[in-house]
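Visitor: Could you take me slowly around one buried spot in this structure, and then show me what else there is in the model? I would like to see how the pieces connect.

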Amino acid sequence: MVFMINRRNALGGAAALAAFPAAAQDNKRIVVGTWGGDYSRLLAKNIETPLLAPKGWDVVKDEANDPPRRAKMLAEKSLRRGTSDIQGLSAANMFEMNEQGVLEQIDYSKLANAKNLIPAMKYPYGVGHIYSGKVVLYNPKLMSTPPTGFADTLDPKNGDKLGIIDIQYQYTLLAAGLASGGSMSNVDPGKERLVACKKAGARIYPSNEAFAQALKTEEIACGIMWKARAVQWQNAGIAIETVAPKEGVPMYVSGFAMPKNAPNKAGAYAYLDAMMEASAQEGFAIDMGYNPTVTNAQVKPDVQKRIGFTDEEKQRLRDLDYGYMAKNDAAFQDWWNKSFKA
Amino acid sequence: MTDTAIAHGAVVERRRGEGWTASALVGPATIFIALCLLAPLVMLFRYSLNEFVPSKKMMVEAVTVANYVKFFTDPYYTTILWTTVRIAVLVTTACLVLGFPLAYVVARTQSRFKNLLIISIVLPLFVGNSVRAAGWMTVFGAKGFVNASLMGLGLIDKPLEIMFTEKAVVIGIIAVNLPFMVLSLQSVIEGIDRSVEEAAFSLGAPPATMFFRVLWPLAMPGILAGTILTFILAMNAYATPFLLGGPLFKMMAPLIYNEFTQKTNWPFGGAIAFILMTVTLLLTVAANLIIQRRSAR
């Protein structure tokens, strides 16, 4: 069949072309890539429903863990129009995605609330949404002497009462490194310690939730996790206490970044700005136990006491060396799978 | 002569018509498979020949077999392949042994509840693999149904380690695959005339001889279909080993997922995918040939 361009076809095509930019301008839909579960629910409760919906924005969620969402972003790299406008990622993953060249650089002049953002949370390629720190968790009933840091938690003497989370391999390596004289840019000294713990019977759990379950059933007595998660688990009635480790508290920052080929960048900016609104940040502190990344959020003293860090502890907060983590991540995973878990 | 030519022409015409109908029938599915299966496979194969820069997590265009060499020279990966084959063979054998008697009873029963029996075999397939695995988790856990019952009865004083072990994975995959085996066998056994079994018995064959000399050879098409289906499903099992096997137990499908998503190493992930596909295909064909040759004897 020969395709003929006749008058009618040409007119139809022109009309479609003319209609297209109009449709794009009217686009009030924001596609948000995020983890499912609590986080997604709280995004709706604290950001989307109270702040974006009244302004006419329609938020659609693409819920999945971050690895498949990152894989999707990479797969869509060569497309002119991607399928998401904004993606929730950890600071380490945002760094990595930026290295891969898929992230839009943020124009902070378009964000009215950026003036309140803690400077450390202002990444050129993304905005920090919430943060917490890696702390030690222990069950006071099962451990008579509370641990003081990573060294006496990631210790073979704890035998099968120590729990380790598989997907937390990066922070576990960092914690073991700090415990054995390493630094945020050198985890190697901790490897021997981890292998010794595994030999002594340390239990390895596939997910954060499986680890929480084991703490609840008293299968294990200690481990390491975000302070925010510990707060959530305490709220759920799991008998644990937290300690800010003396070796340093590695920070976990979760934020949002925009793919270069986001179809609705105006929507993405609106989302970023709403996310920094004090009320939204306060909601996340109460509901999820994470610390606000803006200075004007008012957190009640009792909440602050549970989720936050004292001034003395804040001195020990350590941001990650994202370049080091990204460069060595494949090697970390190889070691973790082949040498540690083998 | 002319008559024949005309008649011949009509036959050709009719055949041509049949050809068109056939291609119209086969066409849509063929196009779908070509677009949705073959094209991605060709792309994936091309990726598997690329290089990967670990420090940047980036794929670099190249033509190399390094990914395939890496798999077969690293005992970590070959052990995972071996574990996968071992589990698949074990599960397939268990499904055949457990499924044959059940399929026989279902095929031969005169009961008016026969349809109910078949539905109860198919019913587990109404629920996804991961949901079923979640169910097993509550059964196998340290304080799960099995351990709580055994400890309650005073038979054990420390919970048995079932969850996150090979045992849990084997039980889980058998539960998933058993209906496929039973249904394949049942449909074939139903087609075997009962009188051939009676003939064997009346000629003095004991039950075991009747089974091996009459029932087994006649049921061979069902056995082949069931074992192939079960074996392929077990080789490619993802949700069950991932959820019940835990972090220390590895099979091929979760390994491939991990390479693609966690490490973003598409070239190596692609290579492993092709290795899994080839090994599954070769083992299936080889087993088929062996079984068919044996039964032909």
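**A close look at A212(A)**

Guide: Happy to. If we set aside the neighbours within four places in sequence, A212(A) is in contact with W233(A) and I238(A). Please keep in mind as we go that this is a predicted model. I238(A) is a good partner to dwell on: 26 residues of sequence separate it from A212(A), yet their C-alpha atoms are 8.0 Å apart in space. A212(A) belongs to helix α7 of chain A, which covers residues 208-216. Is A212(A) buried or exposed? The cut-off for a buried residue is 20 or more other C-beta atoms within 10 Å, and A212(A) has 23 of them within that distance, so it counts as buried.

Let's step back along the chain to helix α6(A), residues 191-199, where R193(A), L194(A) and C197(A) are buried. These three span an arc of only 95° around the axis, so they sit on the same side of α6(A). An α-helix has 3.6 residues a turn, which is why residues three or four places apart point the same way. On the face of α6(A) turned away from that buried side you will find the exposed residues E192(A) and K199(A). The cover over the buried residues of α6(A) includes two other helices of chain A, α5 (169-179) and α13 (322-340). Just past the end of α6(A), G201(A) adopts a positive phi of about 110°, which you can look up in your own torsion plot.

Now for the strands. In chain A, strand β3 runs over residues 86-90, and four of its five residues are buried, so the rest of the structure largely encloses it. β3(A) is paired with strand β1 (residues 29-34) through two bridges, and this pair is parallel. In that pairing, V32(A) has I86(A) as its bridge partner. β3(A) is also joined to strand β10 (residues 249-257) of chain A, here by four bridges and in an antiparallel sense. There, S90(A) faces S254(A) of β10(A).

V32(A) is worth a second glance, as K61(A) in β2(A) is also a bridge partner of it. Six bridges link β1(A) with β2(A), residues 58-63, and the two strands run parallel. Helix α2(A), residues 38-52, completes the picture: β1(A), α2(A) and β2(A) form a right-handed β-α-β unit. If you follow the side chains by eye, remember that in a regular strand they alternate between the two faces of the sheet.

Zooming out to chain A as a whole, its secondary structure amounts to 13 helices and twelve strands. Of its 342 residues, 43% are buried. Of the contacts in chain A between residues at least 6 apart in sequence, 75% connect residues at least 24 apart. Measured out along the principal axes, the C-alpha atoms of chain A fill a box of roughly 85 × 50 × 35 Å.

Chain A has a partner, too. Their contact involves 20 residues from chain A and 16 from chain B, and the chain B side breaks down into seven nonpolar, five polar and four charged residues. Chain B is assigned two domains, domain 1 (1-48) and domain 2 (65-296), with C-alpha centres 36 Å apart. Four residues of domain 1 of chain B are in contact with seven of domain 2 of chain B; on the domain 1 side, three are nonpolar, one is polar and none is charged.

Terms used: Residues are numbered from 1 along each chain as its sequence is written. Chains are lettered from A and ligands numbered from 1 in the order in which they are written. This is a predicted model: local features need pLDDT of at least 70, side-chain atom pairs count only at pLDDT 80 or more; totals for chains, interfaces and linings use all residues. A residue is buried if 20 or more other C-beta atoms lie within 10 Å of its own, exposed if 12 or fewer, and partly exposed in between; C-beta atoms are placed from the backbone. Two strands pair if DSSP finds at least two bridges between them. Domain bounds come from an automatic or database domain assignment. Ala, Val, Leu, Ile, Met, Phe, Trp, Tyr, Cys and Pro count as nonpolar, Asp, Glu, Lys and Arg as charged, and the others, Gly among them, as polar. A crossover is right-handed if, with the strands pointing away from the viewer, the path from the first strand over the helix to the second runs clockwise. The arc is that of the directions from the helix axis to the C-beta atoms.
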